[in-house]
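Here are my notes on the model you asked me to look over, set out as numbered points. I have kept to features that can be checked residue by residue on the screen.

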Amino acid sequence: MLESYVLDSTATRHDMDSLARKYLDHQTILFEEVAGKGAKQLSFNQVAIEEAAPYAAEDADITLRLHETLWPKLQAEAGLRAVYQDIEIPLIPILAAMEQRGVLVDRKLLAIQSRELAKRLHEIEAQAHDIAGQPFNLGSPKQIQEILFDKLELPVLSKTPKGAPSTAENVLQELADQGHELPRVLLEHRSLSKLKSTYTDKLPEQIDTDTGRVHTSYHQAVAATGRLSSSDPNLQNIPIRTEEGRRIRQAFIAPEGCRLLAADYSQIELRIMAHLSRDEGLLAAFAADADIHRATAAEVFGIPPGQVSGDQRRSAKAINFGLIYGMSAFGLARQLGTDRGSAQRYVDLYFERYPGVKRYMDETREQAREQGYVETVFGRRLYLPEIRDRNGQRRAAAERTAINAPMQGTAADIIKRAMLRVETWNKGSGLGVTLIMQVHDELVFEVVEKDLELAKSGICEAMEGAAELSVPLRVESGAGHNWDEAH
């Protein structure tokens, strides 16, 4: 699986059946063929030995044949082989240990939150009915469509493949940005409803009866950029900026005698951008440990850093992160709540002040077109099959990915290398430290209370040393009785 993933993360799914079809032109025996389907499906120990043996033997045979096919391809690419051998393979036991350890969750607190969310959802529903002037089902796209576009006559911004007005999240967001109240209320309802069904209702059901903990599954071979993903529960999707999201984090708690310690890379993708672009202005700002958004605002608005207002800093932050994700002037205008012309002027000014960033973006697009892929600092590749597509939209999307992927992918490599370094440090530390979660650019640990200060400095030092870039890596850490407190 990992050999295939490192060779080309986007070419195929990396399960054995898909790989056997792609590389060996072989259709494997499916589990359903030996165990049946649905309610009548047998567990494997109930399958007759005559059917179980060929199925199991095929697994071993196909694994070996895939390895014999994929390994020579990896050996031929030194950079990819290093990603596989030095990052992905050593990470397996660390992820396994995190899954086994799990994390303590406060069932009672989640029940309280679920009741509060139910009450709030009921209030929002009443508010939506009030704005619409009639009751309707907030979960029905057809009824929402009738209210928004037939009754309230809001502008139709996009259509479904069948030609009906779209009620997708991005459409509602754009209508809300235009000042329409009902789309904003619907978005709030969707967001809270998702939190309730995915977390406050479901997390208690996912608590293991033996351990009293929730055991997420980490996936190493899913995200194209090299990022880890998780499921049951998906820890990556708990919003951190909303009050409700933070409250869910309060339910992730430390056991008796311990604290949760969260260590988070600060502005890692912007630091990687500075490293990749070699832009003198960005390098100088990070070398001076300046507030990068304030520094950008000072450059773009042509004022001393001390005179930058809160609004100007927020605008600069939107520009900094927007450009990393390949945001257009149109997208930036929407985010800043300004017109497209003003947003374009900000972008032009930004590139004037940080010419290295513009040069990096142009060169990366060109390089991606020539070779069909981009690379992280550590040699991980992301192939871009649509970079030469005739369809302008697909090509533009591939170009945005080309700019962003080296930053996201390098950040993914760094957090993985950090996990390996922390593990090495921890083995020799003699401290009561256990890694329990990895979320985006953050690692979360259970730490015995008396070891907290030593653990904090050891972990931060290990993480900051996970890569040598031309700007320093910075790690912020905090501790508390729960995950929210640790931020």
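The points below go through sheets, helices and then single loop residues.

1. Please keep in mind throughout that this is a predicted model, in which local features need a pLDDT of at least 70. Every value in this note is computed from that predicted model.

2. I would begin with the open sheet of 4 strands, whose order is E9-E10-E6-E11 and whose pairing is antiparallel. At its edges stand strand E9, residues 433-439, and strand E11, each of which pairs on one side only. On average, and with direction ignored, neighbouring strands of this sheet are turned by 20° against each other.

3. Within that sheet, strand E6 (residues 258-265) deserves a closer look, because 7 of its 8 residues are buried and the strand is therefore largely enclosed by the rest of the structure. Its antiparallel pairing with strand E10, residues 442-448, rests on 7 bridges, while 6 bridges join E6 to strand E11, residues 475-480, again in an antiparallel arrangement.

4. The register of these pairings can be checked at individual positions. Towards E10, Leu260 of the model stands opposite Glu446, and Leu261 stands opposite Phe445. Towards E11, the residue that faces Gly478 across the pairing is Ala262. When viewing such positions, it helps to recall that in a regular strand the side chains alternate between the two faces of the sheet.

5. A second open sheet has 3 strands in the order E2-E1-E5, also with antiparallel pairing. Strand E2 (213-214) and strand E5 (252-253) are at its edges, and since each has a single partner strand, one side of each is left without a neighbour in the sheet. Strand E1, residues 103-105, is joined to E2 by 2 bridges, and the two run antiparallel; in this pairing Val103 stands opposite Val214.

6. Turning to the helices, H4 (residues 49-75) and H5 (residues 78-101) pack at an angle of about 120°, and their axes are 7 Å apart. From H4 the contact is made by Trp71, Leu74 and Gln75, and from H5 by Leu80, Arg81, Tyr84 and Gln85. By residue class, this contact is made up of 4 nonpolar, 2 polar and 1 charged.

7. Which residues of helix H15 (residues 329-336) are buried? They are Ala329, Leu332 and Ala333, and because they cover an arc of only 105° around the axis, they lie on the same side of H15. The partners against which the buried residues of H15 pack are helix H14 (310-324) and helix H16 (340-353). Just after H15 comes Gly337, which takes a positive phi of about 70°.

8. The loop between helix H7 (141-151) and helix H8 (169-177) contains Ser166, and I would ask whether this residue is buried or exposed. With a relative accessibility of 8%, Ser166 counts as buried, since the cut-off for that class is under 20%. A polar atom of the Ser166 side chain lies 3.1 Å from the backbone nitrogen of Ala168. If its neighbours within four places in sequence are left aside, Ser166 is in contact with Phe149, Ser158, Lys159, Thr160 and Val171.

9. Glu153 is also placed in the loop between H7 and H8, and its backbone should be inspected, as its phi is near 55°, a positive value in a residue other than glycine. Glu153 has a relative accessible area of 64% and is exposed.

10. Asp289 likewise merits a look at its backbone: phi is near 60°, which is positive in a residue other than glycine. Asp289 sits in the loop between helix H12 (280-287) and helix H13 (292-301), and at 46% relative accessibility it counts as partly exposed.

11. Finally, where does the cis peptide bond involving Pro233 occur? It joins Asp232 and Pro233, with omega at about 0°, and Pro233 is found in the loop between strand E4 (229-231) and helix H10 (243-250).

Technical notes: Residues numbered from 1 in each chain as written. Predicted model: local features only at pLDDT ≥ 70, side-chain atom pairs only at ≥ 80, totals over all residues. Heavy atoms only, no water. Buried < 20%, exposed > 50% of the residue type's maximum accessible area, 1.4 Å probe, protein only. Arc of directions from axis to C-beta. Contact = heavy atoms within 4.5 Å. Axes fitted to C-alpha atoms, helices over the stretch in contact; angles between N-to-C directions. Nonpolar A, V, L, I, M, F, W, Y, C, P; charged D, E, K, R; others polar. Polar contact = N/O pair within 3.5 Å; in protein donor to acceptor, adjacent residues only side chain to side chain. Pairing = 2+ DSSP bridges.
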